[in-house]
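Work through the exercises below with the model open. Try each task before reading its solution.

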Amino acid sequence: MKQLLYTEWLKVKNYRTFWIMLLVAVIMIPAGNYVPADIMSSRELNQATKMLGQTPFGFPTVWQTVANISSYMTALFGLMLIILVTNEYTFRTSRQNIIDGWERRQFVYAKLIWVLLLSVLALVVAILTAVVLGFAYGSNAISLEGFSYLWYYWLQLVLALSLALLLAVLVKRAGFAMAIFLGYTMMLEQTLVLLLKRYVGPVGGLLPLQTGDELLPFPLVGKMVAASSDRYDDSIYLLFLVGYIALVIYLVFRKVLKSDL
């Protein structure tokens, strides 16, 4: 494990594009949450408070609010991972690693380390953002009630990064993989969810990334969603979300172990 980490570090330590993208992705989490928090701190906040019974950016609701808003920045981390993995094929470093004695399984482990590191980094930044905004815009004492929403956010992020990893090892070209990833996450799945929910029913909420969205409603909307009978219990969405992660990682292993690097 230590060797894998060191090798991956050598690949990125002088890679300026990676560090710039990482900086942008990290900054977008607090910035993306600060804007609505500041807007709602004025007149709109009073109206929201009346509907919710508490401020969206005060404890304990701030965990859910920040988890919901931060989930919209997930694609940035996915694009970073696609660039890292496809570079392995473009510059043939993956093949060189195998020649140097790596097993194919270790190649996948090295990429899964990135999935873990990027997702944990985003989770930590989201937690710090929630704490700061909770103190800045709320009047309640800090509370861990509702903290589970950040774990749902982390699981959705792991799934998105796993999908990005799968696309990267399947397509092996950064441009194509990024286009497919953005097209699926930002358009195709949402269209399928809309059509399935309209013509079939709540099964539309069981598509991969939508399972995370179902667990992360914005607080004001969440009260109305929770009251709706046209959805499954949260445990069903959580079960599918974890199942999708396991399935995608299995497909990554299968692709790398069975095909030419």
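**Exercise 1: backbone outliers**

Arg92 has a relative accessible area of 49%, so Arg92 is partly exposed (buried means under 20% relative accessible area, exposed over 50%, partly exposed in between, with a 1.4 Å probe and protein chains only). This is a predicted model: local features need pLDDT of at least 70, side-chain atom pairs count only at pLDDT 80 or more, and totals for chains, interfaces and linings use all residues. Residues are numbered from 1 along each chain as its sequence is written, and side-chain values use heavy atoms, with hydrogens and water left out.

Task: state the phi of Arg92 and of Lys172, and place both residues.

Solution. Start with Arg92: phi is positive, about 60°, although Arg92 is not a glycine. Arg92 sits in the loop between α5 (74–90) and α6 (93–99). Helices here are DSSP runs (H or I, at least four residues), numbered from the N terminus. Next, Lys172: phi is positive again, near 65°. Lys172 belongs to the loop between α8 and α9 (174–199).

Task: which kind of peptide bond runs from Phe59 to Pro60?

Solution. Omega is near 0°, and the bond is cis. Pro60 lies in the loop between α3 (43–52) and α4 (61–70). For background, most residues other than glycine have a negative phi, and most peptide bonds are trans.

**Exercise 2: salt bridges**

Task: trace the salt bridges of Lys11.

Solution. Apply the criterion: a side-chain nitrogen of Lys or Arg within 4 Å of a carboxyl oxygen of Asp or Glu. Over the whole structure, a search gives seven salt bridges.

Step one: Lys11 pairs with Glu8 at 3.1 Å, N to O. Both residues lie in helix α1, three residues apart, about one turn of the helix. Glu8 has 4% relative accessibility and therefore counts as buried. Lys11, at 26%, counts as partly exposed.

Step two: Lys11 also pairs with Glu88, the closest N and O atoms being 2.7 Å apart. This pair links distant parts of the chain, with Glu88 in helix α5 and Lys11 in helix α1, 77 residues apart. Glu88 is at 2% relative accessibility, so it counts as buried.

Step three: put the pairs together. Glu8, Lys11, Glu88 and Lys111 are linked in a network of salt bridges.

Task: what does the pair of Glu214 and Arg231 tie together?

Solution. The closest N and O atoms of Glu214 and Arg231 are 3.9 Å apart, in a salt bridge. Glu214 lies in helix α10 (residues 208–215) and Arg231 in the loop between α11 (219–227) and α12, so the pair ties together parts that are 17 residues apart in sequence. Glu214 is buried, at 8% relative accessible area.

**Exercise 3: helix packing**

Task: describe how α8 and α12 pack.

Solution. Helix α8 (residues 148–171) and helix α12 (residues 234–258) have axes 9 Å apart, at an angle of about 25°. Axes are lines fitted to C-alpha atoms, for helices over the stretch in contact, and angles run from 0 to 180 degrees between N-to-C directions. Angles under 35 degrees count as roughly parallel, over 145 as roughly antiparallel, 65 to 115 as roughly perpendicular and the rest as oblique. Therefore α8 and α12 are roughly parallel to each other.

How values were computed
Helix = DSSP H or I, 4+ residues; strand = E, 2+ residues; numbered from the N terminus.
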